[in-house]
Amino acid sequence: MRAAALLLTLAACGPVSVEQAERNCISRAKSTASPIREAGIGIGSNGRTGGFVDIEITSDFVRGRDPSAVYDACVYQQSGQPPRQPLYTRPDWRG
């Protein structure tokens, strides 16, 4: 019983499809390109104003790594295969 649970756990850590890895890694590439993810401001019904900024600073950004290199490495690490197309040619990339 214990060996079966161990095998199931190890199987869950296996590679994913290239398509899934690309979906998983696009956000990492975006956070490498720019640390600011979202910001907003608003006025409430009581006249009070408020705002927010959601900032994520990654070590890849701090080190100045190329988002494309981060994306390629992430996809390869997760799937064992290179991405199907370069990051900068993806229609959902806005870096």
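Which two residues form a disulfide, and how far apart are their sulfur atoms? The numbered points below answer this and then turn to other features of the structure, which is a predicted model.

1. **The disulfide.** The residues in question are C25 and C74, whose sulfur atoms lie 2.1 Å apart. The link joins distant parts of the chain: C25 belongs to helix α2 (residues 18–33) and C74 to helix α4 (residues 67–79), with the two positions 49 residues apart. A search of the whole structure finds one disulfide. The link of C25 and C74 is left-handed, with an angle of -75° about the S-S bond. Both cysteines, C25 and C74, are buried.

2. **The overall fold.** The protein chain contains four helices and two strands. Read from the N terminus, its elements follow the order α-α-β-β-α-α. Of the 95 residues in the protein chain, 23% are buried. Among contacts with a separation of 6 or more, 58% are between residues 24 or more positions apart. The accessible surface of the protein chain is about 6900 Å², and carbon and sulfur atoms account for 56% of that surface.

3. **Two salt bridges that share R84.** The whole structure has six salt bridges. In one of them, the side chains of E19 and R84 meet at 3.7 Å, N to O. This pair connects distant parts of the chain, since E19 is in helix α2 and R84 is in the segment after α4, 65 residues apart. R84 also forms a salt bridge with E22, and here the closest N and O atoms are 2.7 Å apart. Distant parts of the chain are linked again, with E22 in helix α2 and R84 in the segment after α4, 62 residues apart.

4. **Exposure of these three residues.** Is E22 buried or exposed? E22 counts as buried because its relative accessibility is 3%, and the cut-off for a buried residue is under 20%. E19 has a relative accessible area of 33% and is therefore partly exposed. R84, with a relative accessible area of 57%, is exposed.

5. **A salt-bridge network.** The side chains of D60 and R63 meet in a salt bridge of 3.8 Å, N to O. Salt bridges with shared partners join R28, D60, R63 and R65 into one network. Within the network, D60 counts as buried because its relative accessibility is 5%. R63 has a relative accessibility of 57%, so R63 counts as exposed.

6. **The aromatic pair.** The structure holds one aromatic pair. The partners are Y88 and W93, with a distance of 5.9 Å centre to centre and an angle of 55° between the planes, and the pair is tilted. Why does Y88 count as partly exposed? The reason is its relative accessibility of 46%, as partly exposed residues fall between the buried cut-off of 20% and the exposed cut-off of 50%. W93, by contrast, has a relative accessibility of 13% and so counts as buried.

7. **A nonpolar surface patch.** Which residues make the nonpolar surface patch of about 580 Å²? The patch is made by I36, V53, I55, I57, F61 and V62. The elements that give two or more residues to the patch are β2 and α3. One of the residues of the patch, I55, lies in strand β2. I55 counts as partly exposed because its relative accessibility is 48%.

8. **T58, a residue in a loop.** Where is T58 found? T58 is in the loop between β2 (49–55) and α3 (59–62). Although T58 lies in a loop, T58 counts as buried because its relative accessibility is 15%. If neighbours within four places in sequence are left aside, T58 is in contact with S31 and T32.

9. **I43, a residue in a strand.** I43 is placed in strand β1 (residues 36–43). Is I43 buried or exposed? I43 is exposed because its relative accessible area is 68%, and residues over 50% are classed in this way. When residues up to four places away in sequence are not counted, I43 touches R48 and T49.

Key. Residues numbered from 1 in each chain as written. Predicted model: local features only at pLDDT ≥ 70, side-chain atom pairs only at ≥ 80, totals over all residues. Heavy atoms only, no water. Disulfide = S-S within 2.5 Å. Buried < 20%, exposed > 50% of the residue type's maximum accessible area, 1.4 Å probe, protein only. Contact = heavy atoms within 4.5 Å. Phe/Tyr/Trp six-rings, centres within 6.5 Å; stacked < 30°, edge-to-face > 60°. Patch = residues over 30% accessible without salt bridge, like charges linked within 9 Å, V, L, I, M, F, W, Y side chains within 5 Å. Areas by Shrake-Rupley, 256 points an atom, 1.4 Å probe, with all protein chains shown as cover. Salt bridge = Lys/Arg side-chain N within 4 Å of Asp/Glu carboxyl O.
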